[in-house]
Amino acid sequence: MPTAIGPSRPPRSAVVVGAGMVGLATAWSLLNHGVEVTVVERRHPAAGASWGNAGWLSPALTLPLPEPAALRYGLRSLLSPESPVYIPPRPDPRLARFLLTFTRNCAPRRWRVLAATFATLGRQALDAYDTLAADGVAEPTRPAEPCLIAFRTAAERAAMIEELEQARAAGFTIAYEPVDGDRARALEPALGDAIGAAVELHGQRYLNPGNFVRALADAVRERGGEILERTEVSGIRDLGRGVAVTTSGGQLHADVAVVATGAWLDALVRPFGVRVPVQAGRGYSFSVPAEGAPTRPTYLAAQKVVCTPLGEGRVRVAGMMELAPAERPVDPRRIRAIIAAARPLLRGIDWAARTDTWVGARPCTPDGLPLIGPTGSPRVYVNGGHGMWGVALGPLSGRLLAEAIATGTSPAELAPLHPLR
């Protein structure tokens with residue numbers, strides 16, 4: 001059931017820190033509730049993980065990051081820069097604690113509990129995008145009918161089918177069918193002869209994430225919201241009747257503040273009692289010319305490589321997970337690892353013509369659940385920690401949190417996502 005939160009009177013103004021998908025969706029929804037909004041962004045809208053990700057809106061695959069299969073990688077593979085999941089060796093007690101808690105959440109029973117929460121969110125995720133479209137966000141989402149999950153062998157595919165069935169048991173609505181390699185190549189000629197099995201996954205969508213977040217920023221401005229670009233936030237103070245947000249351009253005052261800074265959440269929210277750590281899980285991507293590349297969303301699951309047509313003559317190739325500091329530069333070995341993994345399975349791609357090489361920090365929590373709701377202060381809120389699912393769940397997260405802030409009553413969906421859990 002909904003629970004009462006926050007100040008006794010509805011806020012009239014808010015400062016939202018962060019102009020990625022999550023922050024802008026929160027700002028847009030607050031504006032719909034009649035709240036005056038200022039968004040503060042240290043670079044510009046869509047500058048971080050909201051720009052370079054794969055752009056899949058796939059409720060069927062929006063699953064908890066701590067999964068039993070994660071334990072099968074083993075320490076040796078995690079220390080290899082060619083591995084889909086990589087931890088650069090370094091002394092880091094904070095990361096060690098994060099991994100210990102993460103590992104505990106990989107237990108099958110715990111995964112089922114976490115998955116049930118994601119199932120509840122997933123059933124509303126695409127509707128939240130439809131609401132944005134109906135209310136004037138110009139950039140479209142596109143149906144992926146079907147999207148393909150491709151494998152070398154049927155034995156490789158078995159693990160994915162088991163995962164999909166476990167997700168169904170946890171409450172996910174998933175429509176899929178196993179197909180052979182010939183059927184997969186008929187649907188997607190870019191797949192090579194090494195592909196011997198696939199899954200057709202129905203009911204999913206995709207988008208060009210950079211274009212969409214920029215369109216969302218435009219919609220926020222058109223509704224009267226202000227976006228301050230290239231403005232750093234160094235602290236937030238609860239003044240009792242409102243908040244003061246200290247920025248590189250001076251102080252901002254409002255009734256409430258929302259922190260939506262992705263992998264940089266900790267510094268601003270820890271003073272307000274948020275102890276769930278947020279670890280940067282860095283993903284890599286680049287673009288290749290569309291000619292010869294997949295024409296539909298395609299996932300090489302065993303290799304953890306995703307291909308997404310962006311339009312504009314480009315296809316994004318994305319993958320890998322690297323637990324490393326958010327500001328660390330691109331590791332060229334990770335780009336080479338993506339190409340080495342995908343090249344034998346895809347034909348016709350001009351790998352040498354790649355552009356837009358990117359690494360971005362996805363904000364991961366040790367239980368895989370986002371942090372959405374109030375902090376120890378009734379005037380400071382958090383919306384972050386979505387891991388790989390900030391684009392998939394951002395509009396819904398923004399809608400739910402804005403409802404909680406504007407009405408003082410938290411939707412039931414937010415109960416397991418409380419930042420003070």
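Me: When do two strands count as paired here, and in what order do the three strands of the open sheet run?
Reply: Two strands pair if DSSP finds at least two bridges between them. The model is predicted. In it, three strands form an open sheet with antiparallel pairing. Their order is 4-10-6.

Me: Which strands are the edge strands of this sheet?
Reply: An edge strand here pairs on one side only. Two strands fit that description. They are strand 4 (56-57) and strand 6 (142-144).

Me: Over how many bridges do strand 6 and strand 10 pair?
Reply: Strand 10 spans residues 204-206. Its pairing with strand 6 is antiparallel. The number of bridges is three.

Me: What is the bridge partner of arginine 142?
Reply: Look in strand 10 for the partner. Arginine 142 is bridged there to tyrosine 206.

Me: Which helix gives the most to the largest nonpolar core?
Reply: The largest nonpolar core has 76 residues. Leu24, Ile149 and Phe172 touch the most other members. The top contribution is eleven residues, and it comes from helix 5 (residues 108-134).

Me: Which residues are in contact with isoleucine 149, leaving aside neighbours within four places in sequence?
Reply: Isoleucine 149 is one of the core members that touch the most others. Its contacts include Leu61, Met160 and Tyr299. The rest of the list is Ala197, Ala198, Val199, Leu201 and Ala301.

Me: How many residues are in the second, separate core?
Reply: This core is separate from the one above. Among its members are Ala184, Phe286, Ile339 and Val359. Its residue count is 29.

Me: Which strand gives the most to the lining of the second largest pocket?
Reply: The pocket holds about 200 Å³ of space. Its lining has 14 residues, and Arg43, Trp264, Ala326, Val359 and Gly360 lie nearest the centre. By class, seven are nonpolar, two polar and five charged. Four lining residues come from the top contributor, strand 20 (residues 355-364).

Me: Is glycine 196 buried, partly exposed or exposed?
Reply: Glycine 196 sits in the loop between helix 7 (181-187) and strand 9 (197-202). Its relative accessible area is 37%. Buried means under 20% and exposed over 50%. Glycine 196 falls in between, so the class is partly exposed.

Me: What separates the C-alpha atoms of glycine 196 and alanine 155?
Reply: Glycine 196 touches Phe151, Arg152, Asp180 and Gly181, not counting residues up to four places away in sequence. Alanine 155 is 41 residues from glycine 196 along the chain. Their C-alpha atoms are separated by 9.9 Å.

Technical notes: Residues are numbered from 1 along each chain as its sequence is written. This is a predicted model: local features need pLDDT of at least 70, side-chain atom pairs count only at pLDDT 80 or more; totals for chains, interfaces and linings use all residues. Side-chain values use heavy atoms; hydrogens and water are left out. A nonpolar core is a set of buried Ala, Val, Leu, Ile, Met, Phe, Trp, Tyr and Cys residues joined through side-chain atoms within 4.5 Å. Buried means under 20% relative accessible area, exposed over 50%, partly exposed in between (1.4 Å probe, protein chains only). Contact means heavy atoms within 4.5 Å. On a 1 Å grid over the protein atoms alone, a cavity is a set of points where a 1.4 Å probe fits but cannot get out, and a pocket is an open set with protein on both sides within 12 Å along at least five of seven lines; lining residues have an atom within 4 Å of a point. Grid points are joined across faces, edges and corners, and a volume is the space filled by probe spheres set on the points. Ala, Val, Leu, Ile, Met, Phe, Trp, Tyr, Cys and Pro count as nonpolar, Asp, Glu, Lys and Arg as charged, and the others, Gly among them, as polar.
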